[in-house]
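Trainee: I have a structure on my screen and do not know where to begin. Can you show me how to read it?

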Amino acid sequence: MTLDQRNGNFVTAPSAADLLAWYDRHRRSLPWRAPAGERPAPYRVWLSEIMLQQTTVAAVAGYFVDFIRRWPSVEDLAAAPTEEVMSAWAGLGYYARARNLHACAKVVAEEFDGRFPDTEQGLRALPGIGPYTAGAIAAIAFDRRAAAVDGNVERVMSRVFRVETPMPQGKPEIRARTEALVPEDRPGDFAQALMDLGATICTPRKPACALCPWMEPCQGRAAGVVETLPRKAPKAERPVKRAAVFWAEAPDGSVLLARRPPKGLLGGTEGPWSSELTSDTDPAEALVHAPFPADWARLAGTVEHGFTHFTLQMTVFAATGVAAEAPAGARWATLDELKEAGLPTALMKPAAHALAALHGPAAAKRLRKRPK
DNA sequence: CAATCGTGGAT
DNA sequence: TATCCAAGATT
């Protein structure tokens with residue numbers, strides 16, 4: 001029992017034991033989790049944590065099952081061509097994760113004999129593993145006493161301890177508070193319990209405080225400010241940028257696919273040829289960005305895609321019956337090969353737009369990923 | 001530190 | 001329809 005000097009209230013500290021007791025009754029069953037009391041394989045923990053970065057459980061589940069079936073071990077994943085990993089990742093977003101995933105698998109397979117480091121520090125040195133993921137893997141896969149501070153934990157802790165400092169300035173305090181609470185026993189369950197609590201009880205809006213194991217010690221609730229936490233600076237508004245997408249079809253019906261440079265927006269993915277997506281291209285002057293001279297026809301309408309930090313408005317140009325060599329970094333591919341390649345959603349949209357315009361809606365529908 | 005980097009679901 | 005934002009890392 002301590003005194004909160006901000007309002008003169010006496011507060012009790014939240015206990016790991018109360019949270020773990022709640023977790024034992026309400027833990028979610030997820031594809032990457034082991035049965036209660038068992039420790040999941042580090043490979044599965046790592047793969048799931050990378051996929052779950054800024055990505056919802058629902059979006060990840062199918063990809064996780066696919067990856068595990070296709071590459072059952074880290075050695076299998078390391079041995080795969082990077083292009084196959086990128087294709088398997090297509091649609092999940094943040095493609096740097098896929099590149100780092102493969103790079104990390106190679107390091108673990110080739111330099112660590114297929115075994116992941118079992119400490120936070122060791123994990124942190126691997127590509128794609130930052131402070132959160134290192135803590136999560138150390139705790140969940142190796143039962144190390146490590147904190148895993150993600151968005152859920154940030155929200156829970158900012159509320160329980162009533163941290164009113166806006167993020168990211170408040171992060172150090174959140175981390176210190178979390179580290180102090182991690183128990184010697186069951187640190188992995190503690191990490192997952194905290195995330196489950198944030199995902200199912202201590203939600204951004206309308207938290208279910210009445211069901212919360214930490215309702216009593218929650219200072220945010222006592223002060224009536226739960227839903228205002230964590231505090232965040234207002235976000236800058238998203239500019240609209242324009243790009244030109246070039247849909248080329250050869251006489252045999254194959255289409256032009258270009259591999260994007262490894263870094264930057266959609267880095268390493270394949271898709272139709274386009275102007276720079278991060279600059280702003282005037283549609284009237286778009287043809288200078290075409291892959292080769294052809295009878296380009298501007299298709300009616302535009303295609304929009306919202307990225308985190310800007311909205312992209314794409315104008316699509318199409319040419320059919322093209323007999324031309326594919327430029328460097330591009331290839332002619334059948335529609336089946338296009339589906340196999342896996343396009344990011346942002347580029348699947350203009351592809352579908354072109355197919356619908358040239359061959360009808362039914363042709364566009366065939367682009368959709370078939371359920372496996 | 002601030003900007004960059006995807007996507008889909010919920011509200 | 002617009003906004004938020006989810007198991008963040010990298011530069």
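Mentor: We will take the annotated domain, the empty spaces, the DNA strands and the salt bridges in turn. Keep in mind that this is a predicted model.

Trainee: Which residues does the "domain: HhH-GPD" annotation cover?

Mentor: An annotation is a label from a record. Here the UniProt record, an unreviewed entry, places "domain: HhH-GPD" on residues 51-200. Now look at the model itself. That span is 65% helix and 0% strand. Its end C-alpha atoms lie 20 Å apart.

Trainee: Next, empty space. How do I find it?

Mentor: Rolling a probe the size of a water molecule over the atoms shows where empty space is left. Start with the pocket.

Trainee: What volume does the largest pocket have, and how many residues line it?

Mentor: Its volume is about 1200 Å³. The lining has 37 residues. Find Leu52, Gln54, Asp150, Gly151 and Asn152, which lie nearest the centre. Several helices give two or more residues each to this lining: helix 2 (42-52), helix 8 (131-142), helix 9 (151-160), helix 10 (171-181) and helix 11 (187-200). Helix 11 gives the largest share, five residues.

Trainee: How does that lining divide by class?

Mentor: Count 18 nonpolar, nine polar and ten charged residues.

Trainee: How many cavities of 30 Å³ or more does a search of the whole structure find?

Mentor: Two. A cavity differs from a pocket in that the probe fits but cannot get out. The largest cavity holds about 100 Å³ of space. Of the 14 residues that line it, Cys202, Cys209, Cys212, Cys218 and Val226 are closest to its centre. Helix 9 supplies the largest share of this lining, three residues. By class, the lining has twelve nonpolar, no polar and two charged residues.

Trainee: Which residues line the second largest cavity?

Mentor: Met86, Ser87, Ala90, Tyr95, Arg259, Gly268, Thr269, Glu270, Ala341 and Gly342. They divide into four nonpolar, four polar and two charged. The volume of this cavity is about 50 Å³. Remember Tyr95, for we meet that residue again at the DNA.

Trainee: Good, the DNA. How do I read a protein surface beside a strand?

Mentor: Ask which residues surround the strand. Then ask which part of the DNA they face. Take DNA strand B. It is surrounded by 19 residues, and the closest are Tyr95, Leu266, His305, Thr308 and Thr345. Of the strand B atoms within 4 Å of the protein, 62% belong to sugar or phosphate and the rest to bases.

Trainee: Where do polar atoms of Tyr94, Tyr95 and His309 meet DNA strand B?

Mentor: Tyr94 puts a polar side-chain atom 3.0 Å from a base oxygen. Tyr95 has one 2.8 Å from a phosphate oxygen. For His309, a polar side-chain atom lies 3.0 Å from a phosphate oxygen. Two elements give two or more residues to the surface near strand B: strand 8 (303-306) and helix 14 (345-359). By class, that surface has eight nonpolar, eleven polar and no charged residues.

Trainee: How many residues surround DNA strand C?

Mentor: The number is 25, with Glu49, Gln54, Gly128, Asp150 and Asn152 closest. Sugar and phosphate account for 65% of the strand C atoms that come within 4 Å of the protein. Gln54, Asp150 and Asn152 were also among those nearest the centre of the largest pocket.

Trainee: What lies by the phosphate oxygens of DNA strand C?

Mentor: A polar backbone atom of Gln54 is 2.7 Å from one such oxygen. A backbone N or O atom of Gly130 lies 2.9 Å from a phosphate oxygen. Arg155 uses its side chain: an N or O atom there is 3.4 Å from a phosphate oxygen. Helix 2, helix 8 and helix 9 each supply at least two residues of the surface near strand C. By class, this surface has ten nonpolar, nine polar and six charged residues.

Trainee: Last topic: salt bridges. What is the idea?

Mentor: Side chains of opposite charge can pair when their charged atoms come close. The structure holds 17 salt bridges. In one of them, the side chains of Arg144 and Asp118 meet at 3.2 Å, N to O.

Trainee: Which parts of the chain does that pair link?

Mentor: Distant ones, 26 residues apart. Arg144 sits in the loop between helix 8 and helix 9. Asp118 sits in the loop between helix 6 (96-111) and helix 7 (120-124).

Key:
Residues are numbered from 1 along each chain as its sequence is written. Chains are lettered from A and ligands numbered from 1 in the order in which they are written. This is a predicted model: local features need pLDDT of at least 70, side-chain atom pairs count only at pLDDT 80 or more; totals for chains, interfaces and linings use all residues. Side-chain values use heavy atoms; hydrogens and water are left out. UniProt positions are given in the numbering used here, feature names are shortened, and annotations may be inferred rather than shown by experiment. Helices (H or I, at least four residues) and strands (E, at least two) are DSSP runs, numbered from the N terminus. On a 1 Å grid over the protein atoms alone, a cavity is a set of points where a 1.4 Å probe fits but cannot get out, and a pocket is an open set with protein on both sides within 12 Å along at least five of seven lines; lining residues have an atom within 4 Å of a point. Grid points are joined across faces, edges and corners, and a volume is the space filled by probe spheres set on the points. Ala, Val, Leu, Ile, Met, Phe, Trp, Tyr, Cys and Pro count as nonpolar, Asp, Glu, Lys and Arg as charged, and the others, Gly among them, as polar. A residue is near a molecule or strand if one of its heavy atoms lies within 4 Å of it. A polar contact is a pair of N or O atoms within 3.5 Å; within protein, one must be able to donate a hydrogen and the other to accept it, and residues adjacent in sequence count only if both atoms are side-chain atoms. A salt bridge is a side-chain nitrogen of Lys or Arg within 4 Å of a carboxyl oxygen of Asp or Glu.
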